[in-house]
Amino acid sequence: MSNTSLNRRAFLGTTAAAVTAYAADMTGLNVLSQPALAAELKKKDKRVILLWLAGGASQLETFDPKPGRPTGGPYRAIQTAVPGVEISELMPKMATRMKQTAIIRSLNTKIADHGGGATMMHLGRRDEPSVRFPDLGAVVARELGSADSKVPDYVSFYTQTEGRGSGTAQTGGFLGARFAPMYLTDKSTPPYLSRVESITDIDHQQRAELRDLLSKRFARAHETQSVGSHNQAYARVRGLMSSEKLFDIEQEPQSIRDKYGPTQFAQQALVARRLIEAGTPFVKVSRAWWDSHGENFETHLELVTELDHVMSTLIDDLKDRGLLESTLIVTLSEFGRTPRINQGLGRDHFASAWSTSLTGCGVNGGSVYGKSDADGNTVADGEIGASRLFSTIYQAIGIDPYKEYHVGPRPVPLVDNHADPVYEVLV
Amino acid sequence: MAADPTKLKVAKDVGRTDVLFHLARQPGTSRVFVGSSDFKLYELDLQAEKPEAKEIGGHGSYVTSVALAGKTLVSGSYDCKLSWWDSENGKSIRSVDGHAKRIRMIVASPDGKLVASVADDMICKLWSVADGKLMRELKGHDAITPHNYPSMLYAAAFSRDGKQLATGDKTGKVCVWNVADGKQLGTLDASGVYTWDPTQRRHSIGGIRSLAFSPDGKRIVVGGMGKVGNIDHPDAPGRLEVFEWPSAKKLYDLQTEGKLKGMFEQLAFNADGSWLVGAGGGYAGFIAFVDVNNGKIIFQDSAPMHVHGLSLAESGDTIYASGHNKLVRWELNA
């Protein structure tokens, strides 16, 4: 049996069921209860690309270098395009693009195991056994997606196997399966999305038309919400099937493919851009595995070099297409890495003072928020946790971070404890 | 008394707070020069009752290598610079922008007239010790691995007659060069020291970390780490691959046993070539003695630290080593 979590039958079934459930949503989402606000949000077409650096990227080898300190490692800091802001020498391309990027150097998320850290950094809060919280992607899909969209609302790539099980269960949490990701684990192209060979496209269209005719006849006699949503579900499936080409980078000019380069991470970032451009609100591209307990500097030389290239190419591509202003790129891990360098020249898990970056939509480019101490052991200024980071992300893309969902009668704040955004990194 | 590897015993253990990446020794003495993670070079006498580190100078990043050519000390660093020092008085002679990327190792030719430097720009450069002039650039290693990531040029070694030079990269490729004219004489495939994980973690670990010619020049030994299951950790056995030269035929490989894990960071033959000492480590250190003629490990043991630098005394009965938070002097005839 394939280890992919998506097969066509399950996917179609889930989608149909989810859309049916959509109209009878028990969460009482207040965006839908305020159509004017919903329309305002959606017309802005905000999007998010999450570059998930699974395993824990080192802040010291990326956005918070400590050159010359005992904890600093061998890599130097380089000046960026923003006076006074330095990042690791492993990121020379990002250094020239820092005017589009904000850095937060003061995350203290306290959880330094992979599972717990990944869950927290997907949910923006600690998990609770009594509530199935949706992850960032599900929330964005819910808030910024369209019910009649012909493209998936939430696509998640995770093609390496290590750490794939960490984080959320890819269910959409209490928002329901409708907002679960299209989860790609085998390849960069969804399996089972293609029309089966034995049915021609004309056959498929004719079947759809017949189904539509019968449904409408049925609906005239039995007017209910669920019948309408059933038709929406089939329309959506048909749309999703036609989105197959979005995952095919062969559709891109060779010059664009060359810019991204040959690595799997780069090619998935290109697919992410194609999806964003087509209207997908949230794409997560996971790049595992950064867990450099040994040989940290060699591992980061490989992986940060790739990240630097992929991220800067993605920024340029979005900018060239006029999409950067409406697309937020987030780099995030489950935690950072210890300032202490162990005997294997590695760095271990560390959640007490680490960094993230936000680029593009709603971001005050070139800003730096927070500070770690001289050796990077603690947050010296501006400490924030996951909830404030998530509040900041929502604010950047126009989602009210103070809103509440309801799970049955229970009000559930979108952001834990109604945490405030970090306005310093936002426009 | 003849040196006996099975009698290995720590005679001096000097604690440090830094990592000492490389060690060079004044021949016939116990004076050693080390390059440090604190960006500096130090001199110590490992026969002294309480060895004290005398600072010689510094770089802009980790000092990854030091080589002694006569009385001239040459250091190389991740700051891409090569620096010349007078080993007698510690004075700076010159500093040059040696490479476009991080310098990994410097070795001095046996006659002390040349030093060879290898760096992540994948070039080996030969320099005149006397005046710092760049004599030759040797280009034979790919900048990108087969998996499209940056490669690294970690190691170099001169043959004992100084006529040949071997260089080794991350993917396990060795190039052997004719020093006189810079021509490539051949290559060796030691890819058993490189692990690429295509599925679980999708990056790599390992590479050639050490090289040595046998005294007669008929063997080339490549040091690194064996295939790693979980590349988060350098915990595969240390691995040696031994080649016949110049046929380039691989004779055999061997690996450390038991709990001795990590990379062979340094190799040195004794004077008559009857055995080779290798040392290195991962989360802990190891040292191993090998009869290269029959491929048997004579003796192996844990080391007090992950060893990065090593010098074998001319008599073969003393080993000076540097590494993670320590310097050690071993005696082999206790």
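The following dialogue reads pockets, enclosed elements and single residues in a predicted model.

Visitor: How is empty space in such a model found, and what volume does the largest pocket have?

Guide: Rolling a probe the size of a water molecule over the atoms shows where empty space is left. In this predicted model, the largest pocket has a volume of about 1200 Å³. Its lining comprises 39 residues, and those closest to the centre are Ala108(B), Leu267(B), Ala268(B), Leu310(B) and Ser311(B).

Visitor: Which strands of chain B each supply at least two residues of that lining?

Guide: They are β1 (9-25), β5 (63-69), β9 (103-108), β13 (153-158), β19 (210-213), β23 (263-269) and β27 (307-312). The most is given by β23(B), with 5 residues. By residue class, the lining of the largest pocket divides into 25 nonpolar, 10 polar and 4 charged.

Visitor: Which residues lie nearest the centre of the second largest pocket?

Guide: The second largest pocket has a volume of about 580 Å³. Of the 30 residues that line it, Lys93(A), Thr305(A), Glu306(A), Lys101(B) and Pro150(B) lie nearest the centre. In chain A, α3 (92-95) and α10 (296-320) each supply at least two lining residues, and α10(A) provides the largest share, 7 residues. The lining of the second largest pocket divides into 14 nonpolar, 6 polar and 10 charged residues.

Visitor: Let us turn to a helix. Why is α5 of chain A described as largely enclosed?

Guide: A residue counts as buried when its relative accessible area is under 20%. In helix α5(A), residues 136-144, 9 of the 9 residues are buried, so the helix is largely enclosed by the rest of the structure. The buried residues include the charged Arg142(A) and Glu143(A). At the N-terminal end, Asp135(A) caps α5(A), with a side-chain oxygen 3.2 Å from the backbone nitrogen of Gly137(A).

Visitor: How should a strand be read, and which residues of β1(A) point each way?

Guide: One considers the side chains and then the partner strands. From β1(A), Arg47(A), Ile49(A) and Leu51(A) point one way, whereas Val48(A), Leu50(A) and Trp52(A) point the other way. Since 6 of the 6 residues of this strand (residues 47-52) are buried, β1(A) is largely enclosed by the rest of the structure.

Visitor: Which strands pair with β1(A)?

Guide: Strand β8(A), residues 327-332, pairs with β1(A) in the parallel sense over 6 bridges, and Ile49(A) stands opposite Ile329(A) there. Strand β7(A), residues 282-286, also runs parallel to β1(A) and is joined to it by 5 bridges. In that pairing, Leu50(A) stands opposite Lys284(A).

Visitor: For a single residue, is Lys170(B) buried or exposed?

Guide: Lys170(B) has a relative accessible area of 1% and is therefore buried. This lysine is found in the loop between β14 (164-169) and β15 (173-178) of chain B. Its side chain makes a polar contact with the side chain of Ser204(B) at 3.1 Å. Beyond its neighbours within four places in sequence, Lys170(B) is in contact with residues including Glu302(A), Tyr154(B) and Tyr194(B).

Visitor: What relative accessibility does Gly58(B) have?

Guide: Gly58(B) has 37% relative accessibility and so counts as partly exposed. This glycine lies in strand β4(B), residues 54-58. Leaving aside neighbours within four places in sequence, Gly58(B) is in contact with Phe39(B), Lys40(B), Leu41(B) and Trp85(B). The C-alpha atoms of Gly58(B) and Ser75(B), 17 residues apart along the chain, are separated by 9.0 Å.

Definitions and conventions: Residues numbered from 1 in each chain as written. Chains lettered and ligands numbered in written order. Predicted model: local features only at pLDDT ≥ 70, side-chain atom pairs only at ≥ 80, totals over all residues. Heavy atoms only, no water. 1 Å grid on protein atoms, 1.4 Å probe; cavity = no way out; pocket = protein on both sides within 12 Å on 5 of 7 lines; lining within 4 Å. Points joined across faces, edges and corners; volume = space filled by probe spheres on them. Helix = DSSP H or I, 4+ residues; strand = E, 2+ residues; numbered from the N terminus. Buried < 20%, exposed > 50% of the residue type's maximum accessible area, 1.4 Å probe, protein only. Polar contact = N/O pair within 3.5 Å; in protein donor to acceptor, adjacent residues only side chain to side chain. Pairing = 2+ DSSP bridges. Contact = heavy atoms within 4.5 Å.
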